[in-house]
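Hi there,

Here is the structure I promised to pass on to you. Have a look at it first, and my notes on what turned up follow right below.

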Amino acid sequence: QVQLVESGGGLVQAGGSLRLSCAASGRTFSSYAMGWFRQAPGNEREFVAAINWSGGSTYYADSVKGRFTISRDTAKNTVYLQMNSLKPEDTAVYYCAADSSSGRLRPTHIEIYEYDYWGQGTQVTVSS
């Protein structure tokens, strides 16, 4: 069983930065591909970023490329999402997710169905 707990959300002005953290339980965390998704009110949950088991491979949604950075610290069992140059349209609940069946990234890791563990989410609000 894997438990994921997100933190670091909050209220920030446009142009500001936040760093989200996702703390994972479980001894095999280091072997999982991990992802971040977000869901704004009235919208479907959408892909933001993903990272492979080693941190050497990453994917980003076009909407965040160049502004957000996903990383992981295996020793701390934590995945991070550094968000810079935030925009009001980045406002959403951000979710961390784990794919316990694979550590390698596939193009389908932009899809919700690839992940079998999810955190409870953390709210990010960007004011204009």
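Arginine 38 forms a salt bridge with aspartate 90, with 2.9 Å between the closest N and O atoms; a salt bridge here is a side-chain nitrogen of Lys or Arg within 4 Å of a carboxyl oxygen of Asp or Glu. Arginine 38 sits in strand 4 (residues 33-39) and aspartate 90 in the loop between strand 8 (78-83) and strand 9, so the pair ties together parts that are 52 residues apart in sequence. Strands, for our purposes, are DSSP runs of E with at least two residues, numbered from the N terminus. Both arginine 38 and aspartate 90 are buried, where buried means under 20% relative accessible area, exposed means over 50%, and partly exposed is in between (1.4 Å probe, protein chains only).

Before you go further, please keep in mind that this is a predicted model, in which local features need pLDDT of at least 70 and side-chain atom pairs count only at pLDDT 80 or more, while totals for chains, interfaces and linings use all residues. Residues are numbered from 1 along each chain as its sequence is written, and side-chain values use heavy atoms, with hydrogens and water left out.

Back to the charged groups. Aspartate 90 also meets arginine 67 in a salt bridge, at 2.7 Å from N to O. Arginine 67 lies in the loop between strand 6 (58-60) and strand 7 (68-73), and aspartate 90 in the loop between strand 8 and strand 9, so this pair ties together parts that are 23 residues apart in sequence. The relative accessible area is 1% for aspartate 90 and 10% for arginine 67, so aspartate 90 counts as buried and arginine 67 does too. Salt bridges that share partners join Arg38, Glu46, Arg67 and Asp90 into one network. Within this network, the side chains of arginine 38 and glutamate 46 meet at 2.6 Å, N to O. Arginine 38 is buried at 6% relative accessible area, whereas glutamate 46, at 35%, counts as partly exposed. The structure holds six salt bridges.

Next, the cysteines. How many disulfides are there? The count comes to one disulfide, using the rule that a pair of cysteine sulfur atoms must be within 2.5 Å. Cysteine 22 is joined to cysteine 96, with an S to S distance of 2.0 Å. The torsion about their S-S bond is about -75 degrees, so the disulfide is left-handed. Cysteine 22 belongs to strand 3 (residues 18-24) and cysteine 96 to strand 9 (residues 92-99), so the disulfide ties together parts that are 74 residues apart in sequence. Both cysteine 22 and cysteine 96 are buried.

Strand 3 also has a place in a sheet. Four strands form an open sheet in the order 1-3-8-7, with antiparallel pairing; two strands pair if DSSP finds at least two bridges between them. Strand 1 (4-7) and strand 7 are at the edges, each with a single partner strand, so one side of each is left without a neighbour in the sheet. On average, neighbouring strands of this sheet are turned by 15 degrees against each other, direction ignored (axes are lines fitted to C-alpha atoms, for helices over the stretch in contact, and angles run from 0 to 180 degrees between N-to-C directions).

Going through the sheet, strand 1 and strand 3 run antiparallel and are joined by four bridges. Valine 5 is opposite alanine 23 in strand 3, and glutamate 6 has cysteine 22 as its bridge partner there. Five of the seven residues of strand 3 are buried, so strand 3 is largely enclosed by the rest of the structure. Six bridges link strand 3 to strand 8, again antiparallel, and serine 21 has tyrosine 80 in strand 8 as its bridge partner. Serine 21 is buried, at 17% relative accessible area.

Strand 7 and strand 8 are antiparallel and joined by six bridges, with phenylalanine 68 opposite methionine 83 in strand 8. Side chains alternate along strand 7: Phe68, Ile70 and Arg72 point to one face and are buried, while Thr69, Ser71 and Asp73 point to the other and are not. The hairpin of strand 7 and strand 8 has four residues between the strands, and asparagine 77 takes a positive phi near 50 degrees in this hairpin.

Enjoy exploring it!

Best wishes
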